[in-house]
Amino acid sequence: MPATSPLIPGRSCPVEYRYGARALATPATLCAGNLWIAGGLYGNPFAFRRLEEMFSAERGESALVFNGDFHWFDVADEPFDEIERGVARHAATRGNVETELAQPQAGAGCGCAYPDWVDDEDVARSNRIVERLKGTARRAPGAAARLAALPMYRIAEVGGQRIAVVHGDADSLAGWGFSQEALATRPGQEAALAAFRTAGVRVFASSHTCLPVLQGFDDVGVIVNNGAAGMPNFAGTQYGLATRVSLAPHAKALYGTRIGPLHVEAIPIDYDAPAWRAAFLAQWPEGSDAHASYWRRIKFGPRYGMDLALRAA
Ligand SMILES: [Fe+2]
């Protein structure tokens, strides 16, 4: 899109969201033996509690990073505050949701930068969801300042290997370059390969695009998108997903791959699904925007299978 084009709320990527893969070629600021990355918690406190419980069982130096969109459905004060307090105990980066809560970009809407395959009604509903969530954030003392202070990405190190933790892709907070759709195309794979070289990393861990994918690139690197920590990711399932990068495999990993000395895995977050459905409905009853966009997925999972997420090099 030319720089002079007006922003289309929910469709455009604000210039403030862009950092470029070169910005990721910086020293690591986080070092751990076990690195957990959970994007897309989407305001689900039950997923937060289960995730923290599973993470706490790790032995050795471990870090948990919430790489954005930890708020979304939590328009009631209590779950919003629980997630604010909980995330503050760990490392975090901003997603487009937190960025729009902290420092709204004129005309960005939800900041999702939705591609063409997401229809206009979904985009309009997302813009209205973020407007309502802004009211919740304004009532939470200090939330805007805390969220504004979060970085857009983190460079971590596990076993001497560099890992870029981003929300969208190698270039932008809300980029769709690491979506399962883009990574299924030749240009998408070529762009990803170039990003490994530019950023000098072995693993990109992303989220944002809502569906998980684990794509290897021979011995160059791995892109792992955890989909959503706070919503089902596969048809007929009721658990979220987190990414774990470690020198040792996890007993509960659903699937994974190896790159150099690293195990890169998807870990199921088996939260209390009935309790979450009830909490969601209390905030977003039938007829509401989030109900129209997400209830089917929360109840039945998306039309997507695990066989589509795990991709060979
Ligand atoms: Fe996002």
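I began with L214, which stands opposite V224 in strand 9. I keep in mind throughout that this model is predicted.

I then looked up the two strands around that pair, and found that strand 8 (residues 213-217) and strand 9 (residues 221-225) run antiparallel and are joined by five bridges.

Next I asked in what order the seven strands of the open sheet are arranged. I read the order as 1-5-6-7-9-8-13, and I noted that the pairing in this sheet is mixed. At its edges I found strand 1 (30-31) and strand 13 (310-311), and because each has a single partner strand, one side of each is left without a neighbour in the sheet.

I also checked which strands helix 6 lies across. Helix 6 (residues 186-199) lies across strand 6 (161-166), strand 8 and strand 9, and I noted that helix 6 runs at about 75° to strand 8.

I turned to another open sheet, which is formed by six strands in the order 4-3-2-10-12-11, again with mixed pairing. Here strand 4 (91-93) and strand 11 (255-259) are the edge strands, each pairing on one side only, and from one strand to the next the twist averages 20°.

Within this sheet I followed strand 2 (residues 34-37) and strand 3 (residues 62-67), which run parallel and are joined by four bridges. I wrote down one residue pair from there, since I wanted an example: N34 has S62 in strand 3 as its bridge partner.

My last entry concerns helix 1 (residues 45-56), which lies across strand 2, strand 3, strand 10 (240-246) and strand 12 (262-269), and which runs at about 140° to strand 12.

Methods
Residues are numbered from 1 along each chain as its sequence is written. This is a predicted model: local features need pLDDT of at least 70, side-chain atom pairs count only at pLDDT 80 or more; totals for chains, interfaces and linings use all residues. Two strands pair if DSSP finds at least two bridges between them. Axes are lines fitted to C-alpha atoms, for helices over the stretch in contact, and angles run from 0 to 180 degrees between N-to-C directions. Two residues are in contact if their C-beta atoms, placed from the backbone, lie within 7 Å.
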